[in-house]
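Here is a protein with a ligand. Let us go through how the two meet, one question at a time.

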Amino acid sequence: MNAGIIGVGRYLPEKIVTNADLEKIMDTSDEWIRTRTGIEERRIASDDVGTADMGYEAAQKALKDAGLRPEDLDLIIVSTVTPDYPFPSASCMIQEKLGAKKAAAFDVSAACAGFMYGMITAKQFIETGAYQYVLVVGVEKLSNIVNWEDRNTAVLFGDGAGAVVMGAVSEGRGILSFELGADGTGGKYLYQDEYIAMNGREVFKFAVRQMGESSVNVIEKAGLSKEDVDFLIPHQANIRIMEAARQRLELPEEKMSKTIQSYGNTSAASIPISMVEELENGKIKEDDVIVMVGFGGGLTWGAIAIRWGK
Ligand code: UT7
């Protein structure tokens, strides 16, 4: 039995904050942000919209796309580092909002690699036959933990949610291989105290190396070569980091998802948000081999090779 994606959805707050808006509140420039990160604008959720609210919106769309009812779900996994409360978990709050009475629910904390950790956890439950349908949500309200007086971090992040419903798919399709990893010795480079604190240069060096290595590793584990890859969905943290992964895979520009200009770094939500965008753009097609790869605080990383389709 192969686990794959059978429905997708996303939610983005309406409020757009441009680089020009940030120039008005801190010592930064549109030019610096664009050239160093690739970001042009980001979405910021209003005060009355929480993490679970955004996750619920994305989840509802994913369920509809899968043609399932909330009661069909066996498990809800929410990848987030910005839950509304330490407990109840975001997953329990989303379970209630959906009315997914049958579903077990827990959160996964792996920062920007969280969606990879969530999907790979879901895969285990499906492929052992324990559960039929698992909802995986990546959602962040990073605006809650950004220090708006710290230009080193404030310009990078945004809010949003993406979700997939996973279940058994036909032979040859679904998750072909994966890699997960962690290096706690690098925890000091990216953490939350009150606000997000980061040593940008150290995280950058780690990310460039890890994104490339993990992408290549999952292709090899799947018994494929670089030429077999149809599309790359990297975690959207910095265009220069994403480019390093793309070049390592020797893919042309049009074969990499690039949504960072519109949404900034949405941590665990960036991969599923980009996935929905590329499906809408027609860039992901049935039977395409897609590589998804992410890295984040912890430090953590994860990658998946998947053959698209049910
Ligand atoms: O999902 C994981 C989250 N984290 C990341 O992905 C971060 C990875 N790291 C990066 O993306 C990059 O390191 C940054 C975008 C954070 C920084 O880019 P950089 O090219 O590594 O810049 P830098 O840290 O070397 O800083 C260069 C200069 C510094 O000025 P001085 O000391 O050379 O005079 C900074 O103070 O740029 C300055 N600077 C800014 N200037 C204008 C830093 N932030 C800003 C800013 N606007 N927002």
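Q: How far does a polar side-chain atom of Asn 265 lie from an oxygen atom of the ligand?
A: This is a predicted model, where local features need pLDDT of at least 70, side-chain atom pairs count only at pLDDT 80 or more, and totals for chains, interfaces and linings use all residues. Residues are numbered from 1 along each chain as its sequence is written, and side-chain values use heavy atoms, without hydrogens and water. A polar contact is a pair of N or O atoms within 3.5 Å. For Asn 265 and the ligand oxygen, the distance is 2.9 Å.

Q: What percentage of the ligand's exposed area does the protein bury?
A: Accessible areas come from the Shrake-Rupley method with a 1.4 Å probe. Taken alone, the ligand exposes 950 Å². The buried part of that is 76%.

Q: Which residue has a polar side-chain atom 2.6 Å from an oxygen atom of the ligand?
A: A backbone contact comes from Arg 151, with a polar atom 3.0 Å from a ligand nitrogen. The 2.6 Å pair uses a side chain and a ligand oxygen instead. That residue is Arg 201.

Q: Why does the ligand lie between two domains?
A: Domain bounds come from an automatic or database domain assignment. Both domains give residues to the shell around the ligand, so the ligand lies between them. They are domain 1 (2–169) and domain 2 (174–307).

Q: How many residues surround the ligand?
A: A residue is near if one of its heavy atoms lies within 4 Å of the ligand. Thr 28 and Arg 36 are among the closest. The count is 21.

Definitions and conventions: A polar contact is a pair of N or O atoms within 3.5 Å; within protein, one must be able to donate a hydrogen and the other to accept it, and residues adjacent in sequence count only if both atoms are side-chain atoms.
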